[in-house]
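Dear colleague,

I am handing over the structure below for your studies. Please look through it first, and then read the notes that follow.

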Amino acid sequence: MSETNVRYEKKTVYAKAGKEIVDAAYEYAKGYVRYLDASKTEREATDEAVKMAEAAGYRPYEFGMPLQAGDKLYYNNRGKNIYLFKIGTEHINNGIRITGAHIDSPRLDLKQVPVYEEADMCYLKTHYYGGIRKYQWLAMPLALHGVVAKQNGEIVKITVGENENDPVMYITDLLPHLAANENTKTVATAFQGEKLNILVGSRPVEGDEKEAVKLGVLRYLNETYGITEEDFLSAELSIVPAGRARDVGFDRSMICGYGHDDRVCAYPSITAMIDADESVHTTMCILVDKEETGSDGVTGMQCNLIMDLISEISKALGGNEATVRYNSKCLSSDVAATFDPAFADVYEKRNAALINCGVAMCKFTGSRGKGGTSDASAELVAWVRRVLNEAGVVWQTCELGKIDVGGGGTIAKYMANHNIDTIDLGVGVLSMHAPYEVISKVDLYEAYRAFRAFYNF
Ligand code: MN
Ligand code: MN
């Protein structure tokens with residue numbers, strides 16, 4: 001008789017899962033890098049999800065549509081938030097298996113009146129979106145992504161800085177030679193939001209025009225995109241890091257890229273949803289906007305749309321909405337903070353996510369005395385343990401960091417507030433919220449395997 005293993009020890013995917021899984025993980029990561037490069041904003045991430053869904057036979061859903069087992073549908077909410085769902089053979093009253101990831105990431109949005117000229121240079125003013133460390137965005141190539149909604153209804157898509165021949169956006173920084181005073185300030189006071197201005201021109205138009213550099217920029221924008229300065233008022237233009245995701249490490253075991261938080265969970269959610277064809281349950285994959293600013297608004301997780309969808313689905317399948325919600329389960333798939341030895345003092349290592357130790361489960365988020373968390377029940381954790389362990393998924397438990405050092409939240413509590421049992425399960429990230437973040441390929445793949453096991457169990 002074998003002895004019961006009475007210890008809990010984290011082990012890496014490399015130690016536990018074997019070469020076949022590791023090879024599959026490295027292969028799977030290639031598809032993720034393609035998705036990441038194509039999805040630098042929530043709009044682009046939604047467009048990519050639509051392409052993936054349609055290629056897998058999903059079609060657009062409209063409220064009131066009749067539904068039956070086997071139907072594969074998606075609801076594209078304003079191009080910034082998408083719900084994929086598949087109707088199972090099991091009765092809808094048994095609940096829906098839901099994963100929810102967010103597809104917005106920290107960045108710099110252009111202000112509504114962004115263009116100005118100073119010292120013969122033209123700039124665009126920005127307003128940062130989400131939690132950033134402001135100094136990280138200085139003195140590096142940046143790209144402009146987004147849309148301008150014109151008064152006549154036309155939507156102009158703009159992407160500048162991604163092709164090799166494109167110009168890039170840039171924010172200047174202070175030279176060290178003149179930084180004696182600046183160096184004595186704290187990070188919080190030295191770097192200010194109003195200084196995150198994008199350099200976009202220095203060539204004046206000919207003639208005796210005032211603000212001749214700005215005029216040159218405005219004329220260029222008008223000739224190239226058919227827009228005027230007033231059109232910026234109805235635009236959503238974002239500054240993101242320019243360039244592509246790249247492998248990190250001589251062993252190519254990691255990926256550095258913009259927006260892993262939370263596309264590193266969005267991609268395994270969609271692919272698991274599409275691949276979990278054997279599931280008898282009704283399944284749903286939510287990719288949501290506005291998580292980084294608190295999940296408010298019509299494309300955020302706090303919007304009533306999720307309730308409308310569950311209500312319509314329940315009704316169309318002869319279910320009772322309250323019963324459906326009570327019996328549903330949700331994995332809030334958001335990133336965890338991977339233990340970083342360079343900043344060891346902010347983590348509590350026994351309860352931190354460790355690199356390569358698989359997909360990370362966070363029973364609660366929040367800050368201080370568990371403020372602002374839904375704190376998943378022990379019963380739900382036990383159920384998820386069983387799902388993951390029976391599928392041989394390598395996974396670990398984690399909390400964000402040491403008590404009282406900071407904190408954070410996800411969409412979990414907004415789902416839980418709808419009477420849907422919800423827990424966080426996601427991929428660990430190094431340098432979270434930096435312009436370029438780092439993740440482990442094997443952790444990414446375990447997230448895919450976990451979500452697939454969850455849909456199928
Ligand atoms: Mn996140
Ligand atoms: Mn985040």
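Please bear in mind that this is a predicted model. My notes begin with the open spaces in the protein, then turn to the metal site and to one sheet.

The largest pocket holds about 1,400 Å³ of space. Its lining is made up of 47 residues, and those closest to the centre are Ala337, Tyr347, Leu400, Gly407 and Met432. Several strands contribute to this lining with at least two residues each, namely β15 (336-337), β16 (359-362), β17 (366-367), β19 (407-408) and β20 (421-426). Sorted by class, the lining of the largest pocket comprises 18 nonpolar, 16 polar and 13 charged residues.

In the second largest pocket there is about 450 Å³ of space. Here 23 residues form the lining, and Pro167, Val200, Val217, Tyr220 and Leu221 lie nearest the centre. Two or more lining residues come from each of β8 (155-160), β9 (197-201) and α5 (212-225). Of these, α5 gives the most, with 6 residues. The lining of the second largest pocket has 19 nonpolar, 3 polar and 1 charged residues.

Next comes the metal site. Which protein atoms are donors of the manganese ion (ligand 1)? They are His102 (NE2), Asp261 (OD) and two entries for Asp334 (OD), at 2.1 to 2.6 Å from the ion. Along the chain, these donors follow the spacing H-x158-D-x72-D. Asp261 also serves as a bridge between the manganese ion (ligand 1) and the manganese ion (ligand 2), and these two ions are 3.3 Å apart. Because His102 belongs to strand β4 (residues 96-102) and Asp261 to helix α6 (residues 260-275), the pair ties together parts that are 159 residues apart in sequence. Are His102 and Asp261 buried or exposed? Both residues are buried.

Finally, I would draw your attention to an open sheet of 6 strands, arranged in the order β8-β7-β10-β5-β6-β9 with antiparallel pairing. Strands β8 and β9 are at the edges, since each of them pairs on one side only. On average, neighbouring strands of this sheet are turned by 30 degrees against each other, direction ignored. Within the sheet, strand β5 (residues 107-118) and strand β10 (residues 235-241) run antiparallel and are joined by 2 bridges. One bridge partner to look for is Ser238 in β10, which is matched with Asp109.

With kind regards

How values were computed: Residues numbered from 1 in each chain as written. Chains lettered and ligands numbered in written order. Predicted model: local features only at pLDDT ≥ 70, side-chain atom pairs only at ≥ 80, totals over all residues. Heavy atoms only, no water. Donors = N, O, S within 2.8 Å, 3.2 Å for Na, K, Ca; no water. Helix = DSSP H or I, 4+ residues; strand = E, 2+ residues; numbered from the N terminus. Buried < 20%, exposed > 50% of the residue type's maximum accessible area, 1.4 Å probe, protein only. 1 Å grid on protein atoms, 1.4 Å probe; cavity = no way out; pocket = protein on both sides within 12 Å on 5 of 7 lines; lining within 4 Å. Points joined across faces, edges and corners; volume = space filled by probe spheres on them. Nonpolar A, V, L, I, M, F, W, Y, C, P; charged D, E, K, R; others polar. Pairing = 2+ DSSP bridges. Axes fitted to C-alpha atoms, helices over the stretch in contact; angles between N-to-C directions.
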